[in-house]
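Reader: Before any detail is discussed, I should like to see the structure in question. Please show it, and then let us examine the charged pairs.

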Amino acid sequence: MPNQRLSRLRNNPGLRDLVSETNLHPKDFILPYFVVGGRGKREPIASMPGIYRFSTENLLKDIEETKGIRTVLLFGLPESKDETGSQAYRKDGVVQKAVAAIKKEFADLTVVTDVCLCGYTGYGHCGIQRVTLNPSLHLRVNSVKGLSLKIDSERTLEALAKIALSHAEAGADLVAPSAMMDGQVAAIREALNRNGFGGVGILAYSAKYASNFYGPFRDALDSAPAFGDRKTYQMDFRNAREALREVEQDILEGADIVMVKPALAYLDIIYRVKEKFNVPVAAYSVSGEYAMLKKATNENGVSEKDLVLEVLTAIKRAGADFIITYYARDVLRWL
Ligand code: PBG
C-alpha cells in the first residue's frame, strides 16, 4: 500500500468539508434584474425560464422575497429608444428611479448598475452610431443590409459618463460599464470625481467577449443589434493575452473591480486575470449559460441544484471572487 492514499481524506462528508478548497458563500452572488417602467409588470422572458422583467414595485417585492440576497445588478428597458440613447441618463429614467426606490427600502442592499447604450439606442449597439445620413432617415435605414457600424467614440464616452453619473446620483454603490469602449473607465472615473462622486466604485466589464452566449439577454432587453455585430468592440474569443491588456488598461483608468464575461467557457481567462492582478475579479455567468443549464437539467434527469452548484464552484475555483448569475436566487435557497 502506498503511504500516500489520497482517498483517505474523502472518507466521509466531514473530512471532505474539512479539506475543501473552494466553498460558495451567499455573499458571492449578484442577482441581475431587468427593470421596466409602468406599474404591475412581471413579464416572463421566454428564453430564460424563471426570469422576469419587473416594474419597480414588483422588483422591490421580489428582492424582499429573495432571502439572503446582498447585491443586485440592474438593467433598464426604457419606454422609448432613440439615436443617441438619451433615455439612459434621464434623472427619472427606469434605472435611476429603481435605484432610488431600492435604496430607500433596503438601505443595506448593494446596488450595481449596468452602464451601456445598447438597450437605449434604436439600433441596439453599445456606442452611438456616427450619423453619416440625414438623422431623420437614419432609423429607417438601420436594417439595410451592408450598413456598417461607425461608432462616434467621443459622443459615446460622453454619454456613458452621463449615464454613470446619473446612476451615482440616484444612489448606486457601483457602476458597471459594459460597452467595451476604449477609455470608458477613465471617462466615467473622471466624471464621477468631478461631480462629487469620487467614492462610487467602478466594476468594469473588462474582458468582455463577443459571445454567442448573450442571445437570451438580448431578447430580455430587446437589444439585439439591428445591423452588424459587436465584434468591432467586444473581444475576440480566440484571444487570452488581449484580455490581460484590457484588464490592465481598465485598472490604470481607475477600475476597482474587473470582470470576465462570459464565465463557463472562459475559466482560463478568469484564472489568468486572478494570477496576474491584485484587484477583485468578478465573473458573469451569462444568459446563455443559464439557458443551457436549464435545458441540461430539466430534460435529462440531472439534478439542477447539483449541476449548477458544480458549475458555480468551478467558476469560483478558477479565481472569481464573486459571480453574477441568474441562478443567484436558487443558489441562496440551496446553500
Ligand atoms: C450590454 C450587456 C450584455 C450583457 C450584459 N450587458 C449583452 C451584450 O453585450 O450583448 C449580457 C448579459 C447576459 O447575456 O446575461 N452591453
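Author: In this predicted model, Lys103 and Asp173 form a salt bridge, with the closest N and O atoms 2.8 Å apart.

Reader: What makes the pair Lys103 and Asp173 a link between parts of the chain?

Author: Lys103 belongs to helix 3, whereas Asp173 sits in the loop between helix 5 (153-170) and strand 6 (174-177), so the salt bridge ties together parts 70 residues apart in sequence.

Reader: Why is Asp173 called partly exposed?

Author: Its relative accessibility is 29%; buried requires under 20% and exposed over 50%, so Asp173 counts as partly exposed.

Reader: Why is the contact of Asp222 with Lys81 called a salt bridge?

Author: The N to O distance between their side chains is 3.8 Å. The cut-off is within 4 Å, so the pair qualifies as a salt bridge. Asp222 lies in the loop between helix 7 (215-221) and helix 8 (241-253), and Lys81 in the loop between strand 4 (71-77) and helix 3 (94-105), so parts 141 residues apart in sequence are tied together.

Reader: How do you know whether Asp222 is buried or exposed?

Author: Its relative accessibility is 52%, and exposed means over 50%; Asp222 therefore counts as exposed.

Reader: What makes Asp330 buried or exposed?

Author: At 13% relative accessibility, Asp330 falls under the 20% limit and is therefore buried. Its salt-bridge partner is Arg333, at 2.8 Å from N to O; Arg333, at 56%, counts as exposed. The two residues are 3 apart in helix 12 (residues 328-334), about one helical turn.

Conventions:
Residues are numbered from 1 along each chain as its sequence is written. This is a predicted model: local features need pLDDT of at least 70, side-chain atom pairs count only at pLDDT 80 or more; totals for chains, interfaces and linings use all residues. Side-chain values use heavy atoms; hydrogens and water are left out. Helices (H or I, at least four residues) and strands (E, at least two) are DSSP runs, numbered from the N terminus. Buried means under 20% relative accessible area, exposed over 50%, partly exposed in between (1.4 Å probe, protein chains only).
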